[in-house]
Protein chains: 2
Amino acid sequence: MEQLKVKIAGEIALSSDAGNTMKKWREVFGISQIDLSEFLKISPSTISDYESNRRKSPGIAVIHRFVDAIFAIDLKKGGELVRRFAESDGSQKYFDAIDFKKSLPAKEFIKMIDGKCVANAEKLDSIDIFGVTILDSMKIILEMPYESFIKVYSTTTQRALIFTQTAAGRSPMVAVRVAPIKPAIVVMHDLDESSVDKLAVKIAESEGIPLIVTLKPIEEIKKALKDALGVSN
Amino acid sequence: MEQLKVKIAGEIALSSDAGNTMKKWREVFGISQIDLSEFLKISPSTISDYESNRRKSPGIAVIHRFVDAIFAIDLKKGGELVRRFAESDGSQKYFDAIDFKKSLPAKEFIKMIDGKCVANAEKLDSIDIFGVTILDSMKIILEMPYESFIKVYSTTTQRALIFTQTAAGRSPMVAVRVAPIKPAIVVMHDLDESSVDKLAVKIAESEGIPLIVTLKPIEEIKKALKDALGVSN
DNA sequence: CAACCCAATCGTCTTTTGCCGTATTTTGCA
DNA sequence: TGCAAAATACGGCAAAAGACGATTGGGTTG
C-alpha cells in the first residue's frame, strides 16, 4: 500500500500533465472534487485549479496530502480500491493475449462470450477484431507505465480488451481514457448491465468505444475463443 | 528505468525529509552538488538549500528536473548505476540470512571470510556478531522503504551485512547511513582495499561501523559460515 | 599551511504557489 | 427540459518557492 502511494506520487511528479494524472487517480478512486476538497479542508475550485494545471509545479506537500487523502477516503468507504490493489499484487502474469487467424465481426465475438453491450452498440456493425487481450484490472493500473500499453496490443490494435477483477469497471475505463492507444472494444468481466459504473459508460461513450459486459467464466471464454479461431501465445 | 525514476520521485514526494531523500539519491549516484548544479544550470547553494529543507515543499518541476538530471549525469559517465539497477531487477530473492548458534568475535568472522578491514579497525575487538545477512546492493536500495530494513536483521541487530553486486561500495553505504537501524559490521563483497569508494569509507567512519572488504567467492563464504556455526533459514 | 574542493548558511530578490470567493459552465437526471 | 450537482474559470492576495551570491567551515592534498 505504501508502495502504491509512492508509485502514484512518482507518477504525478514525473508526469508531463500532472493535473490530468491527479484527476485520473481521483477518478480511479471514485472520489468527487467536492468530497476531496472537504476532506482536505480546501475549496473545490482549488482542486480544479490543480487538475487543470493552473499551478504548473505543485509542491510535494500538495502531492503528499493528495495521495494520503484518496487513500484515506477510500478507507473510509470500506477500503474497496486499496484492498483490490493489494490483492492483485502477486506475481502471476497479468495479461493473456489471443490472436485470431482471421478477423471476427464484433457481434459474433459478443455472442461467443455471452456479452451484452452497454455503450455504443450502434458502432458494433462496423467493427472487426483480430484478437483479444485479457487483463487484470488492478495490475494494469498499477503496472502500466503509459507507453507499455503498446505491449497489450500484440500484433494489432484492432483488439478487444477483457478486464477481469474489476468492481464496477470504473478504474480500468479511466485507464483506457488516459492511455495513448485505444482498443476497438472493451469488455468488463463478471459484471452485468445493472452493476456497471456510470462513469465507465460515460467514458466509453465519449471515446466511442463499445463497452460489453459478460458473466461467462473466464476460462470458458478463453477456451471458446481459442478453439474457434485462436492462435494463443 | 522509467520505473525507477517514478520510484525515486515518489519516494522524495512522500518523504518526511525530502531534502535528505534527494541527498541520498544524489550520493547513491555519486554526484557532487557542484556537478549537479552545473548540469541543472543553477547555483550549488540552491542544491544545498533543497537538501537542507530550506524549501519545505519543492515543486514537482524541481523533482522532475532532479530525477532526470541524476540519470542523465550517470549516463554521461557511462550509465554505471542505471545499468546496475536494471540488472538487479529480476525476481530472485535478494537477501539471505544466516543466524549463528553462538556469538562470534568480529576478528574471527573476518578471518573466516578472508576479509580486510578498511575502516574503524580499532572497534573490532569489542564486537561480537550473531549472524550475517547477504544482500544484493542494488535491490536493497531499490526495494527497501526505510522501515523494512528491520527484516534484514532477522533475530538480532548484532549482525554483519554483506553487500554483493556493488561497484565500489558507495551506494549501499549511503543506504546504511540513511537507514534507521545500523548493522554491527558492513562487508563489501568482491572489492579490495584499493577499489573501495572513499565516501563509503568516510560514512563508515562517521557511523562508527567497521567496514570490511573481501574477494572470497560468496558461495564459499556461505558454506564456511554455515558449516562452522550456522543455522540458516 | 596554503590551496582547493565540497557542502552549508543566509540575506535578498522576483516569481509562483496555494488558497479563497465568486461567477460561469458543464453534466446528470427527474 | 429544466434544475441541482459537479466541475471550471479567474481575480486577488499572503506566503513560499526558486534562485543568486557572498561567506563560512570542514577535509584532503600538493
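How many residue pairs are in polar contact between chain B and chain A? The count is seven, with both residues of each pair at pLDDT 80 or more. Keep in mind that this is a predicted model. Salt bridges are another matter: the rule finds zero of them across the interface of chain B and chain A.

Now look at the area. Chain B and chain A bury about 1,700 Å² between them. Carbon and sulfur atoms account for 75% of that. On chain B, three residues stand out: Ala13(B), Leu14(B) and Ile60(B). Together they supply 41% of the area that chain B buries against chain A, more than any other three residues.

Next, the elements. On the side of chain B that touches chain A, two helices give two or more residues each: H1 (2-14) and H5 (60-76) of chain B. The largest share, ten residues, comes from H1(B). By type, this side of chain B divides into twelve nonpolar, six polar and three charged residues. The contact takes 21 residues from chain B and 21 residues from chain A.

How do the two chains relate? Two copies of a chain are related by a rotation about an axis and a shift along it. Here, a turn of 179° and a shift of 0.1 Å along the axis lay chain B on chain A, with an RMSD of 0.2 Å. That is the relation of a two-fold axis. The same surface serves both copies, as 95% of the contact residues of chain B recur in chain A. To find the axis, start at Gly10(B): of the residues of chain B, its C-alpha comes closest to the rotation axis, at 1.6 Å.

Notes: Residues numbered from 1 in each chain as written. Chains lettered and ligands numbered in written order. Predicted model: local features only at pLDDT ≥ 70, side-chain atom pairs only at ≥ 80, totals over all residues. Heavy atoms only, no water. Contact = heavy atoms within 4.5 Å. Buried area = accessible area lost by both parts, 1.4 Å probe. Salt bridge = Lys/Arg side-chain N within 4 Å of Asp/Glu carboxyl O. Polar contact = N/O pair within 3.5 Å; in protein donor to acceptor, adjacent residues only side chain to side chain. Helix = DSSP H or I, 4+ residues; strand = E, 2+ residues; numbered from the N terminus. Nonpolar A, V, L, I, M, F, W, Y, C, P; charged D, E, K, R; others polar. Least-squares fit on C-alpha atoms with pLDDT ≥ 70 in both.
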